[in-house]
Amino acid sequence: MTPIFHPQLVNESFGDPVLFVDFLFERRALLFDLGDLAPLPARKILRLSHIFVSHTHMDHFSGFDRVLRLCLGRERALSLYGPRGFIGQVEHKLAAYSWNLVQNYPTDFRLLAHEFTDGTRLQRAQFRCHSRFAREDLDEAAITAGLLLEEEGFRVRATQLDHDIPCLAFALEEKMHLNVWKNRLQELGLPTGPWLQELKRRVRHGEADDTPVSIRWHDHAGAHEQSLLLGTLRTQVLKIVPGQKIAYVVDAVYHPENARRIVDLARAADTLFIESVFLDGDTQRAATRFHLTARQAGTLARAAGVTRLVPMHFSPRYSDRPDALQREAEAAFRGS
Ligand SMILES: [Zn+2]
Ligand SMILES: [Zn+2]
């Protein structure tokens, strides 16, 4: 399977947790958390369409200004998602600057802020350059099961964790990955071509198996046309494999309800990025600071049955032994 998402941590393990997810076939990217973005070049930031903010502690939100500065003066929209209170915090960030000249810019940069309240509703507000970034409240959107964003090929879900304050964890899921069996195509005497993209789109949409699909093509023998049923093509030409899944979990205290939500969200993920702030010997310290230990993170990854674990968000108190947290998380993940 060729992965369509390319996730990459922006900072090293002791730096702010920021996950940049590039798309294979599009000039587009998603960002999970908005802390220090210094290592991220401007051209990558300008590829972002959606930014998901777990919570607004500074190490997760201080990169807001860099994004705003780069996007200002461009004709584009950017969607932001965050936990309860988020729209007000975006509003306050914007209110810290003077905007007396921007209403005359030839371009209108638009920020769309989404606030996750209880998993069934998303509050929404818009901030536009041409309106001097004054808050404009939009209708609430009803959502189910924490579904923040749904597009043709993927979805992003959130669950709310307890970090003394609400903190969101996210899962990015490709809907399904459709590969073409080239040899079966040849056996059926069918050509490759754009019709296969259209077929994939219709299968993803769940169109009925008895829908006719007409295929037209030209070759040296002339023009051809053939009509086959969607179900026939789906079973004979396409190989359906589960889509890629990436989970991102930061800043949460270890207790049964958080553990249940993390395991639910991350279940069977290809890669789980998860905070591993303290060593097991400092479990009490982790609890009073509402963070996970590396061992807890590894145990959760194991319970969720993920394929790959990436521990991160290490406390600087262990900077003299950078491998210790990694090793502890991996050991718990392996069950040793
Ligand atoms: Zn925090
Ligand atoms: Zn943090």
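# A two-zinc site and its surroundings

Let me begin with one of the two metal ions, the zinc ion (ligand 2), whose donors are spaced along the chain in the pattern D-H-x190-D-x61-H. Two of those donors, H60 and D251, link distant parts of the chain, since H60 belongs to helix α2 (residues 58-61) while D251 lies in the loop between β16 (245-249) and α8 (256-266), 191 residues apart. I should say at once that what you have in front of you is a predicted model, and that everything I describe is computed from it.

If we put residue numbers on that pattern, the zinc ion (ligand 2) is coordinated by D59 through OD, H60 through NE2, D251 through OD and H313 through NE2, at 2.1 to 2.4 Å. The angles among these four donor atoms run from 88 to 152°, and the site is classed as irregular. To count as tetrahedral, four donors would need all their angles between 85 and 135 degrees. As for how far these donors are covered by the protein, H60 has a relative accessibility of 0% and therefore counts as buried, and D251, at 1%, counts as buried as well.

Now to the zinc ion (ligand 1), and here you may ask which residues supply its protein donors. They are H55 through NE2, H57 through ND1, H163 through NE2 and D251 through OD, lying 2.2 Å from the ion. The angles among the four donor atoms of the zinc ion (ligand 1) range from 87 to 167°, and this site too is irregular. In sequence, the donors of the zinc ion (ligand 1) follow the spacing H-x1-H-x105-H-x87-D. Because H163 sits in strand β10 (residues 154-163) and D251 in the loop between β16 and α8, that pair ties together parts of the chain that are 88 residues apart in sequence. Both H163 and D251 are buried.

You will have noticed that D251 appears in both lists, and this is how the two sites are joined: D251 bridges the zinc ion (ligand 1) and the zinc ion (ligand 2), which lie 3.6 Å apart.

Let me step back to the protein as a whole. It has 11 helices and 18 strands, and its C-alpha trace spans about 75 × 60 × 35 Å along the principal axes. Of its 336 residues, 49% count as buried, and the accessible surface comes to about 15,800 Å², of which 49% belongs to carbon and sulfur atoms. Among the contacts with a separation of 6 or more, residues 24 or more positions apart account for 61%.

The aromatic residues offer another way into the fold, with a count of 15 aromatic pairs. One of these is formed by F52 and Y81, which are stacked at 4.8 Å centre to centre with 20° between the planes. Since F52 lies in strand β4 (residues 48-52) and Y81 in strand β5 (residues 77-82), the pair ties together parts that are 29 residues apart in sequence. F52 and Y81 are both buried, and they belong to a cluster in which ring pairs link F32, F52, Y81, F170 and Y248.

Rings also take part in two arrangements with charged residues. K93 lies over the face of F61, at 5.0 Å from the ring centre, and the charged end of R184 sits over the ring of W181, 4.8 Å from its centre.

I will finish with two single residues. The first is L196, placed in helix α6 (residues 195-204); is it buried or exposed? With a relative accessible area of 6%, L196 is buried, and, leaving out residues up to four places away in sequence, L196 touches V180, L185 and V237. Its C-alpha atom is separated by 9.9 Å from that of N179, 17 residues away along the chain.

The second is Q123, which is found in strand β7 (residues 121-128). Q123 has a relative accessibility of 25% and so counts as partly exposed, the limit for buried being under 20%. Beyond its neighbours within four places in sequence, Q123 is in contact with I87, A113, H114, E115, T117 and E140. From Q123 to L80 the distance is 12 Å in space, C-alpha to C-alpha, and 43 residues in sequence.

Notes
Residues numbered from 1 in each chain as written. Chains lettered and ligands numbered in written order. Predicted model: local features only at pLDDT ≥ 70, side-chain atom pairs only at ≥ 80, totals over all residues. Heavy atoms only, no water. Donors = N, O, S within 2.8 Å, 3.2 Å for Na, K, Ca; no water. Tetrahedral: all angles 85-135°; square planar, octahedral: opposite > 155°, others 65-115°. Helix = DSSP H or I, 4+ residues; strand = E, 2+ residues; numbered from the N terminus. Buried < 20%, exposed > 50% of the residue type's maximum accessible area, 1.4 Å probe, protein only. Phe/Tyr/Trp six-rings, centres within 6.5 Å; stacked < 30°, edge-to-face > 60°. Lys NZ or Arg CZ within 6 Å of the ring centre and 35° of its normal. Contact = heavy atoms within 4.5 Å. Areas by Shrake-Rupley, 256 points an atom, 1.4 Å probe, with all protein chains shown as cover.
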